[in-house]
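Here is a short briefing for a reader meeting this structure for the first time. It turns to the ligand and its surroundings, and then to one helix.

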Amino acid sequence: MVAQLKARGIIASPEVEKAMLKVPRHLFISEDMRPLAYRDAPLAIGEGQTISAPHMVAMMAESLALINGHKVLEIGTGSGYNAAVMAELVGSEGRIITLERHGSLAEKAKRSLHEAGYENVTVVVSDGSIGYALEAPYDRISVTCGAPRVPMPLLDQLQDGGVMVIPVGVLEHQSLLRVVKKGEEVLTEDLGSVVFVPLIGEKGHRPS
Ligand code: SAH
């Protein structure tokens, strides 16, 4: 699977390749789904949510340009898999703080992350649409659910020079945006069309 993602140009750096090879994706899904763990597809993880497809995780990791020591905020822990890939990239000097609105998913993700040996990830049950001011500022912000617009609190909590990757659009589809904060300026690049489950919360979509 990783070789295919490399051949398709989705994995470009040796660091992301190494992280994708190292993280055991099967530990982040239910046992009955395990035969499908190393296919490039999203899978159901409960509560109507999905673990992102590996190509999406690789693409987000590449565009975040994560390095050793980075402090990263993730919105939407889900299975914990994307957090684990980012944890590999920031190393033991770095930290991932990941927010999930569903308590049951957060508990499962905590167990999977522990089982896979990631001690530099903190899972918090809270509404990520308002970020997590307690640990701000963040070098990187990775949003793994679709927002109607870039939530202001997330921009505020991003370090100057920091990068956020976030799907923005309507419920059915979004554009994956790479947002760079440079002083008062915000530079936005569109990385292409994507489909994520919705960001539901105060600065996100309303619950249906
Ligand atoms: N990164 C995950 C992808 C999970 S899908 C993985 O690797 O598996 C997106 C997740 O975002 C879902 O679990 C959903 O419950 C969560 N979510 C949606 N709105 C949220 C919010 N406001 N705060 C925190 N999590 C949210």
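On a 1 Å grid over the protein atoms alone, a pocket is an open set of points with protein on both sides within 12 Å along at least five of seven lines, and a molecule sits in a pocket if more than half of its atoms lie within 2 Å of its grid points. In this predicted model, local features need pLDDT of at least 70 and side-chain atom pairs count only at pLDDT 80 or more, while totals for chains, interfaces and linings use all residues. Residues are numbered from 1 along each chain as its sequence is written, and side-chain values use heavy atoms, with hydrogens and water left out.

**The ligand site**
- The space that the ligand takes up is the largest pocket.
- Around the ligand stand 26 residues (each with a heavy atom within 4 Å of it), and the closest are S79, E100, D127, G128 and I200.
- β2 (49-51), α4 (81-90) and β4 (95-100), where helices are DSSP runs of H or I with at least four residues and strands runs of E with at least two, each supply at least two residues of this shell, and β2 gives the most, with three.

**Polar contacts (pairs of N or O atoms within 3.5 Å)**
- An N or O atom in the side chain of E100 is 2.7 Å from an oxygen atom of the ligand.
- A nitrogen atom of the ligand lies 2.9 Å from a polar side-chain atom of D127, and a backbone N or O atom of R101 lies 3.2 Å from a nitrogen atom of the ligand.

**Helix α4**
- Nine of the 10 residues of α4 are buried (under 20% relative accessible area, 1.4 Å probe, protein chains only), so α4 is largely enclosed by the rest of the structure.
- G91, which follows α4, has a positive phi, near 70°.

Terms used
A polar contact is a pair of N or O atoms within 3.5 Å; within protein, one must be able to donate a hydrogen and the other to accept it, and residues adjacent in sequence count only if both atoms are side-chain atoms. On a 1 Å grid over the protein atoms alone, a cavity is a set of points where a 1.4 Å probe fits but cannot get out, and a pocket is an open set with protein on both sides within 12 Å along at least five of seven lines; lining residues have an atom within 4 Å of a point. Buried means under 20% relative accessible area, exposed over 50%, partly exposed in between (1.4 Å probe, protein chains only).
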